[in-house]
Number of protein chains: 2
Amino acid sequence: MARSSIAKKAIQQLTAPRPLTLPSQASLTHRACLTTTASVQATPVHPVTQDSTSKNGPTAMVFMNMGGPATTDEVGNFLSRLFSDGDLIPLGRLQNFLGPLISKRRTPKIQKQYAAIGGGSPIRKWSEYQCAEMCKLLDKMSPETAPHMPYVAFRYANPLTEDMYEQMFKDGFGQGRGGRAVAFTQYPQYSCSTTGSSINELWKWRNRLEGKRASGEMHPEGSITWSVIDRWPTHPGLVEAFAVNIEAKLAEYPENIRDDVVILFSAHSLPMSVVNRGDPYPAEVAATVNAVMTRLGNKNAYRLCWQSQVGPSAWLGAQTSETVKNYVKRGQTNLILVPIAFTSDHIETLYEIDLEVMEEDAHNNPGVKRAESLNGSPIFIQALADVAKQHLDSGMSCSRQMGLRCQGCTSERCLESKKFFAGEQAYTNPAFVM
Amino acid sequence: MARSSIAKKAIQQLTAPRPLTLPSQASLTHRACLTTTASVQATPVHPVTQDSTSKNGPTAMVFMNMGGPATTDEVGNFLSRLFSDGDLIPLGRLQNFLGPLISKRRTPKIQKQYAAIGGGSPIRKWSEYQCAEMCKLLDKMSPETAPHMPYVAFRYANPLTEDMYEQMFKDGFGQGRGGRAVAFTQYPQYSCSTTGSSINELWKWRNRLEGKRASGEMHPEGSITWSVIDRWPTHPGLVEAFAVNIEAKLAEYPENIRDDVVILFSAHSLPMSVVNRGDPYPAEVAATVNAVMTRLGNKNAYRLCWQSQVGPSAWLGAQTSETVKNYVKRGQTNLILVPIAFTSDHIETLYEIDLEVMEEDAHNNPGVKRAESLNGSPIFIQALADVAKQHLDSGMSCSRQMGLRCQGCTSERCLESKKFFAGEQAYTNPAFVM
């Protein structure tokens, strides 16, 4: 259903009228945009292009991720938002009551974990760095969409989606001034619980701040035109960045045993209820793993395992913790753990893998190591720029795959949000409509 | 554990004495081997090379698969073997008692299913055709290992592994005459329940007929040297063969809706107990799907779903049947079903997909179609030859990945069988030992 109705919608919208005004100042730089904010607000003519079907900049590049508390004081709010997210943890009608309750109970334990990794998550630092560096590359690689302005929108921590949106208004996007923005998920593999949740949140705030709830109409004149980079599990640059970090770790073993080292890819698990609903994540994570092993020439044996299961319900396995325990028990003590579904360090690497798995499960065995997270890897940042450039050139509003709801999906929010973003095809670049 | 002990074993065996005699008649053709069987049996000098470390032919190419009953009369024995297989359906110590019991109860129902598809499975016809055609190609592509002699070894139907082994003896392999054989799994993606089971069965019969049980020693002089092609989930030729059959089916839809067709890849499911043990199959199936979609340019939305669940225990989903029902209910009636984990037609395509899913679940909706199975596809047969050629050139006894037991594995049979086949590296081509 989703796809064909979306296609119809897109085609109808192709004929919808869209504002056109002077692209005169379109060449102003990002810095200029930021410093002239005040005056910009006052004048109807603005550096942000008014023709949202043109490919002129500036272009807002918005990194979407779950985020993490920067200090232990932020853990409470972080968990409260996390457990209130029905896309991540479906608690039904009791969500808004149970969410805060569960999070309050878990806060002290999680605060200790963040304290153990230095008091907070580095994910904001890395996200802002990666996005800013990518934008610098994009300004050179894609001058026709420059300047590229970096934004970060976290799902459960600052900066939240609404903060990002307000900042975009301050910088001259939307509110009658149009402009082009790309929502770039930082989860390489798509799950309804992660990228899906961020996209639904973006859709919610877009409607509240400049969509139907704000103005009464679905597409008010001069609203921001959005497109989405919704997945990139086997992009060659991403694969290369992972492979290079694994090779660096392999090089720490003596050459005569190097090929006997077992590579354990670890990704955040999902409840089986989500897997059985048709969530594409497990298949996309597996695709990344296969691509990385192919790039490494399959010289080592490997397994994909799943971490961070919580609660009594059934989750997808095999579990990372059990896997390491079993191999170490059998004497296979040369293991490299590879976080394959996050692009920077976070509690799941710094606490769960480094402390719980490597120290406790593997008893600090020197043969058990972890590949470095992508963090500031220049290969990775170049890959981000390549993914973005490819997306901007394609003129696509989102992937075909994003338009299809899971076979077991019953979420109206998912349906409407997918319709909206796929419908944006009518504005991103009609010439490119497939 | 597995890997390092295997490596040690292989290195020890490198120094083990191996028979060397005249390669004189090594150039005799396959046909000659077969027709001269009687005389061959009589003479100690034989066309099969006596130097198993050389790369001279003949080379036995053994296609391993589950097989299927050729007639409804064979269903009983087929099911009896299937339910007696602890690698496929672990019933513990009661296996030999419960297996026949369950199979007897299910036989009439399954006989009806085979009757509905014409009285038997076409899998033997296709396997023998594919193997013979591949051998013809290999004789040209790899003259140094020619002639390539085609064999089929099914796990639950004729020809069984022991029949294949006896035929190889008749054709002049083993029994003091050495010779080289390649066990080529016809499951592109590795599961302990499928390829693992066939490999364990091959190991069992090898030991009974020419190994330690037959002669008292592990590696009697002139026994057959085995190597294994244990997985090939993303081989470009395999991917191309799948993609071409999907494109042919897409071409049956009007061009204006072609990109809105949803592609549903369907693979045989696994019990969650096997998935959680660390079975590599779900990840390898997902890798095939991603490679095929990449080859197709991701112009269509898709899902990977799982079929053939039986019994009360939890299996990996989403289920193919439910998926089709849900999409059809939502009005998404343009669906192409793609059997992605079998290489020829069998009961799961001809009965389960064509009759149960397409007729019953999709009410014969004309928009719901199935991509043709690979069967006689020349692209697929060329791919088989490419995979085999690559294996023969590599000199590897099996993949690194095959040497690693699942993290949750407790099967001694798996351990010993893996040790044996990885140990064959000492004979296949020591020069190529990694």
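How much area is buried between domain 2 of chain A and domain 3 of chain A, and what share of it do carbon and sulfur atoms give? That was my opening note, and I kept in mind throughout that this is a predicted model.

**Entry 1: the domains of chain A**

I began with the domain assignment, to know where I was. Domain 1 of chain A is written in four stretches, 3–15, 22–67, 122–232 and 378–432. Domain 2 covers 72–116 and domain 3 covers 236–370.

Then I turned to my opening question. About 420 Å² is buried between domain 2 and domain 3 of chain A, and carbon and sulfur atoms give 67% of it. I also looked up which residues of domain 2 supply that area. Q113(A), Y114(A) and A116(A) account for 73% of what domain 2 of chain A buries against domain 3, more than any other three residues there.

Next I looked up the distance between the two domains. Their centres, taken over C-alpha atoms, are 26 Å apart. Four residues of domain 2 of chain A and five residues of domain 3 of chain A take part in the contact.

I searched this interface for polar links too. The rule finds zero salt bridges between domain 2 and domain 3 of chain A. For residue pairs in polar contact, both at pLDDT 80 or more, the result is again zero. On the domain 2 side I noted two nonpolar residues, one polar and one charged.

**Entry 2: where chain A meets chain B**

Now for the two chains. Each gives 46 residues to the contact: 46 from chain A and 46 from chain B. The area buried between them is about 3900 Å², with 50% from carbon and sulfur atoms. On the chain A side, R303(A), R330(A) and Q407(A) lose the most area to chain B, and together they make up 21% of what that side buries.

What joins the chains by charge? I found two salt bridges across the interface of chain A and chain B. In one salt bridge, R400(A) meets D260(B), with N to O at 2.8 Å. The rule also finds 28 residue pairs in polar contact across this interface, both residues at pLDDT 80 or more.

I then listed which elements of chain A touch chain B. Those supplying at least two residues each are α1 (2–14), α12 (272–277), α13 (281–295), β6 (302–307) and α14 (320–330). Helix α13(A) gives the most, with five residues. By type, the chain A side divides into 22 nonpolar residues, 14 polar and ten charged.

**Entry 3: a look at H235(A)**

Is H235(A) buried or exposed? I first placed it in the loop between β4 (225–229) and α10 (236–250) of chain A. Its relative accessibility is 14%, so H235(A) counts as buried, the cut-off being under 20%.

I followed the side chain of H235(A) and found that it reaches the backbone nitrogen of G237(A) at 2.9 Å. Setting aside neighbours within four places in sequence, I noted contacts of H235(A) with A383(A), D386(A), V387(A) and Q390(A).

**Entry 4: salt bridges within the chains**

How many salt bridges does a search of the whole structure find? The count is 38 over all chains. I picked three to look at.

The first I chose joins R155(A) and D85(A), with their closest N and O atoms 3.4 Å apart. R155(A) sits in the loop between β2 (148–154) and α7 (161–170) of chain A, while D85(A) sits in the loop between α4 (75–83) and α5 (95–116), so the pair ties together parts that are 70 residues apart in sequence. Both R155(A) and D85(A) are buried. They also belong to a network of salt bridges that links D85(A), R155(A), E201(A) and K204(A).

Another pair is D230(A) with R231(A), the closest N and O atoms being 2.7 Å apart. D230(A) and R231(A) are both buried.

Over in chain B, I found R231(B) in a salt bridge with E284(B), the closest N and O atoms 2.7 Å apart. R231(B) is in the loop between β4 (225–229) and α10 (236–250) of chain B and E284(B) is in helix α13 (residues 281–295), so this pair ties together parts 53 residues apart in sequence. R231(B) has 15% relative accessibility and counts as buried. E284(B) is buried as well, with a relative accessible area of 1%.

How values were computed: Residues numbered from 1 in each chain as written. Chains lettered and ligands numbered in written order. Heavy atoms only, no water. Contact = heavy atoms within 4.5 Å. Buried area = accessible area lost by both parts, 1.4 Å probe. Salt bridge = Lys/Arg side-chain N within 4 Å of Asp/Glu carboxyl O. Polar contact = N/O pair within 3.5 Å; in protein donor to acceptor, adjacent residues only side chain to side chain. Helix = DSSP H or I, 4+ residues; strand = E, 2+ residues; numbered from the N terminus. Nonpolar A, V, L, I, M, F, W, Y, C, P; charged D, E, K, R; others polar. Buried < 20%, exposed > 50% of the residue type's maximum accessible area, 1.4 Å probe, protein only. Domains from an automatic or database assignment.
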